[in-house]
Amino acid sequence: MSKAHRGKGVRGEVSHGRGTCPVCKKTGVKVLYEQEVSGEKVKICKICKASIKNGKTV
């Protein structure tokens, strides 16, 4: 199983992938998942990605 969003995979990211999620506005979370939100591609957190995938609005 791939571990692209942990350890060595996020060391190359700015602040090791941590920041503020543009969807839920949480700070200090990993924003590693690319998703199209409102017509533009942004990186969002894991919880928001799952919510969008399951058809729930965040």
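**Exercise 1. Place valine 23 and find a neighbour from far along the chain.**

Step 1. Valine 23 is partly exposed, with a relative accessible area of 24%. Buried means under 20% relative accessible area, exposed over 50%, and partly exposed in between (1.4 Å probe, protein chains only).

Step 2. Valine 23 sits in the loop between E1 and strand E2 (29-30). Helices (H or I, at least four residues) and strands (E, at least two) are DSSP runs, numbered from the N terminus.

Step 3. Compare cysteine 48. It is 25 residues from valine 23 along the chain, yet their C-alpha atoms are separated by 7.0 Å.

A note on the model before going on. This is a predicted model: local features need pLDDT of at least 70, side-chain atom pairs count only at pLDDT 80 or more, and totals for chains, interfaces and linings use all residues. Residues are numbered from 1 along each chain as its sequence is written, and side-chain values use heavy atoms, with hydrogens and water left out.

**Exercise 2. Count the disulfides, then check cysteines 21 and 48.**

Step 1. Recall the chemistry. A disulfide is a covalent bond between the sulfur atoms of two cysteines.

Step 2. Apply the cut-off: a pair of cysteine sulfur atoms within 2.5 Å. The count is zero disulfides.

Step 3. Take cysteine 21. It is in no disulfide; its nearest cysteine sulfur belongs to cysteine 45, 3.7 Å away. Cysteine 21 is buried, at 0% relative accessibility.

Step 4. Take cysteine 48. It too is in no disulfide, and the nearest cysteine sulfur, that of cysteine 45, is 3.5 Å away. With a relative accessible area of 2%, cysteine 48 is buried.

**Exercise 3. Work out how E3 and E4 are joined.**

Step 1. Use the pairing rule. Two strands pair if DSSP finds at least two bridges between them.

Step 2. Count. Strand E3 (residues 33-37) and strand E4 (residues 40-44) share five bridges and run antiparallel.

Step 3. Match residues. Tyrosine 33 stands opposite isoleucine 44 in E4. Glutamate 36 has lysine 41 in E4 as its bridge partner.

Step 4. Look at the turn. E3 and E4 form a hairpin with two residues between them. Serine 38, in the loop between the two strands, has a positive phi of about 55° although it is not a glycine. Serine 38 is exposed, at 73% relative accessibility.

Step 5. Find another such residue. Serine 15 has a phi near 55°, again positive and again not in a glycine. Serine 15 is in the segment before E1 and is exposed, with a relative accessible area of 52%.

**Exercise 4. Search for salt bridges and describe what they connect.**

Step 1. Start from the principle. Side chains of opposite charge can pair when their charged atoms come close.

Step 2. Set the limit: a side-chain nitrogen of Lys or Arg within 4 Å of a carboxyl oxygen of Asp or Glu. The whole structure yields one salt bridge.

Step 3. Name the pair. Glutamate 13 and lysine 43 meet through their side chains at 3.3 Å, N to O. The pair links distant parts of the chain, 30 residues apart: glutamate 13 lies in the segment before strand E1 (18-19), lysine 43 in strand E4.

Step 4. Check accessibility. Glutamate 13 is partly exposed at 32%. Lysine 43 is partly exposed at 33%.

**Exercise 5. Describe the largest pocket.**

Step 1. Fix the term. On a 1 Å grid over the protein atoms alone, a pocket is an open set of points where a 1.4 Å probe fits, with protein on both sides within 12 Å along at least five of seven lines; lining residues have an atom within 4 Å of a point.

Step 2. Give the volume. It is about 190 Å³ for the largest pocket, as the space filled by probe spheres set on the points, which are joined across faces, edges and corners.

Step 3. List the lining. The largest pocket has 10 lining residues, and His5, Arg6, Lys30, Tyr33 and Lys46 lie nearest its centre.
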